[in-house]
2 protein chains.
Amino acid sequence: MPTPRPQLVQPDPDDEGLRGHVGYNMKRAFHMIQMDVNATLAPFGLRMVTFSALVVVMENPGLRQSQLAELLAIERPNLVVILDELEQAGLLTRDRAPDDRRAYALHVTAKGLALCEEARIAVSAHDKRMAEGLTDAELDMLITALRRIERNGKLGRSPK
Amino acid sequence: MPTPRPQLVQPDPDDEGLRGHVGYNMKRAFHMIQMDVNATLAPFGLRMVTFSALVVVMENPGLRQSQLAELLAIERPNLVVILDELEQAGLLTRDRAPDDRRAYALHVTAKGLALCEEARIAVSAHDKRMAEGLTDAELDMLITALRRIERNGKLGRSPK
DNA sequence: AAATTTAGGTATGAGTTATAACTGTTTTAA
DNA sequence: TTAAAACAGTTATAACTCATACCTAAATTT
């Protein structure tokens, strides 16, 4: 008696088989964060990357584009349009570097500084929202673990 | 005396101003994981999504496409090409559901099962590699935190 | 029986990331 | 002191992911 192929086995299907993998959970969590942070930054005319660039330039005035690309782990060609966006919005300037006529020294404008401060408050609120239910210690450990994973990934790829 | 604008302030520029935000750290960590897991799965002809789909179908035989899309948080249109890929590779089948002529019941083939088991071992090795330096307890907490964030994001968006 | 909903699919557009190659400038070396 | 190499920024482009609108066939509702 050939048993017919079962069509519906699980009464309540689930993805628990994947939940043990870090990558799967992180992909889903990151997707949520990305949605939320972009919605948070939209009123400021910013995206996650442009916000990141703005903060780093603000805290490292005079930075070169290549340095910024290196810090943010972004390819230089992609950074160009990001800076175009920020420059056009009047949030930062590309000043020619006096000692190297190839390079630009990046500076945040007063307008950029003000917007960045406001956006930062909004992002911090977003952080708090997304981390609801986690203790401060758990949050610290989360960030430590994420940095550890990033570092492990770097070590694995191209020891340079 | 008008002071000239400083061009290089930080001797060693950094992105510490962003490191306090969960999203920034997660983006970078996830990027590393994605690189590594895709490199890990490439020899099997799989990507992160196709692997995920394969595992979930394997553990929930007879699943409908819409159920799979729901479980993986993927839009139905995007799932189509993923299943095309897996079906063409002979790893799973789309069997017409006897009780509903619109629907397909998904099943993993013997070939798919074998490949999936092997790929899983490779992915587990990848997990271990990426989590090096974290204790089991820390890893558990990381996953718990990620699921918490995912859930917080879901609650925030579309209460449905 | 007509209207609505559902399952799967097609087509398409937006957004992100990566690569190759180019211009102009600086540095290194012959 | 030129010639070669390296570097800063840019352009163009391709691959991949994700989302939306719309279509068909079949089921369900009214």
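**Figure 1. Surface near DNA strand D in the predicted model.** By class, the residues near DNA strand D are five nonpolar, four polar and nine charged. In total, 18 residues surround this strand, and those that come nearest are Q65(A), S66(A), R102(A), R47(B) and R101(B). Both chains take part: α1, α3 (65-72), α4 and β2 of chain A each supply at least two residues of this surface, as do α5 and β2 of chain B. Of the atoms of DNA strand D within 4 Å of the protein, 62% belong to sugar or phosphate, and the rest belong to bases.

**Figure 2. Polar atoms of chain A close to phosphate oxygens of DNA strand D.** An N or O atom in the side chain of H31(A) is 3.0 Å from a phosphate oxygen of the strand. For S66(A), the atom concerned is a polar backbone atom, and its distance from a phosphate oxygen of DNA strand D is 2.7 Å. Y104(A) also places a polar backbone atom by a phosphate oxygen of DNA strand D, at 3.0 Å.

**Figure 3. Surface near DNA strand C.** Here the class counts are five nonpolar, four polar and nine charged residues. There are 18 residues around DNA strand C, and the closest are R47(A), Q65(B), S66(B), P77(B) and R102(B). From chain A, α4 (76-88) and β2 (100-108) each supply at least two residues of the surface. From chain B, α2 (22-41), α4 (65-72), α5 (76-88) and β2 (100-108) each do so as well. Sugar or phosphate accounts for 64% of the atoms of DNA strand C within 4 Å of the protein, with bases making up the rest.

**Figure 4. Polar atoms of both chains close to DNA strand C.** The side chain of N78(A) has an N or O atom 2.9 Å from a base nitrogen of the strand. On chain B, the side chain of H31(B) has an N or O atom 3.0 Å from a phosphate oxygen of DNA strand C. S66(B) contributes a backbone N or O atom, which lies 2.7 Å from a phosphate oxygen of DNA strand C.

**Figure 5. A salt bridge between E85(A) and R47(A).** The side chains of these two residues meet with an N to O distance of 2.7 Å. E85(A) lies in helix α4 of chain A and R47(A) in the loop between α1 (22-41) and α2 (48-59) of chain A, so the pair ties together parts that are 38 residues apart in sequence. Side chains of opposite charge can pair when their charged atoms come close. Over all chains, the count comes to 26 salt bridges. R47(A) is also one of the residues closest to DNA strand C.

**Figure 6. The β1-β2 hairpin of chain A.** Strand β1(A), residues 92-97, runs antiparallel to β2(A), and six bridges join them. Two residues lie between the strands in this hairpin. D95(A) stands opposite A105(A), and the bridge partner of R96(A) is Y104(A). In a regular strand the side chains alternate between the two faces of the sheet. Y104(A) is also the residue whose polar backbone atom is 3.0 Å from a phosphate oxygen of DNA strand D.

**Figure 7. The β1-β2 hairpin of chain B.** In chain B, six bridges join β1(B), residues 92-97, to β2(B), and the strands are antiparallel. The hairpin joins β1(B) to β2(B) through two residues. Within the pair, R96(B) stands opposite Y104(B).

**Figure 8. A73 in each chain, with positive phi.** A73(A) has a phi near 55°, a positive value in a residue other than glycine. This residue is found in the loop between α3 and α4 of chain A. Phi of A73(B) is near 60°, again positive in a residue other than glycine. A73(B) is found in the loop between α4 and α5 of chain B.

**Figure 9. The rotation axis relating chains A and B.** A turn of 180° with a shift of 0.0 Å along the axis lays chain A on chain B with an RMSD of 0.0 Å. That is the relation of a two-fold axis. L142(A) is the residue of chain A that comes closest to the rotation axis, with its C-alpha at 2.9 Å. Of the interface residues of chain A, 100% are also interface residues in chain B, so the copies meet through the same surface.

Definitions and conventions:
Residues are numbered from 1 along each chain as its sequence is written. Chains are lettered from A and ligands numbered from 1 in the order in which they are written. This is a predicted model: local features need pLDDT of at least 70, side-chain atom pairs count only at pLDDT 80 or more; totals for chains, interfaces and linings use all residues. Side-chain values use heavy atoms; hydrogens and water are left out. A residue is near a molecule or strand if one of its heavy atoms lies within 4 Å of it. A polar contact is a pair of N or O atoms within 3.5 Å; within protein, one must be able to donate a hydrogen and the other to accept it, and residues adjacent in sequence count only if both atoms are side-chain atoms. Helices (H or I, at least four residues) and strands (E, at least two) are DSSP runs, numbered from the N terminus. Ala, Val, Leu, Ile, Met, Phe, Trp, Tyr, Cys and Pro count as nonpolar, Asp, Glu, Lys and Arg as charged, and the others, Gly among them, as polar. Copies are superposed by least squares on the C-alpha atoms of residues with pLDDT of at least 70 in both. Contact means heavy atoms within 4.5 Å. Two strands pair if DSSP finds at least two bridges between them. A salt bridge is a side-chain nitrogen of Lys or Arg within 4 Å of a carboxyl oxygen of Asp or Glu.
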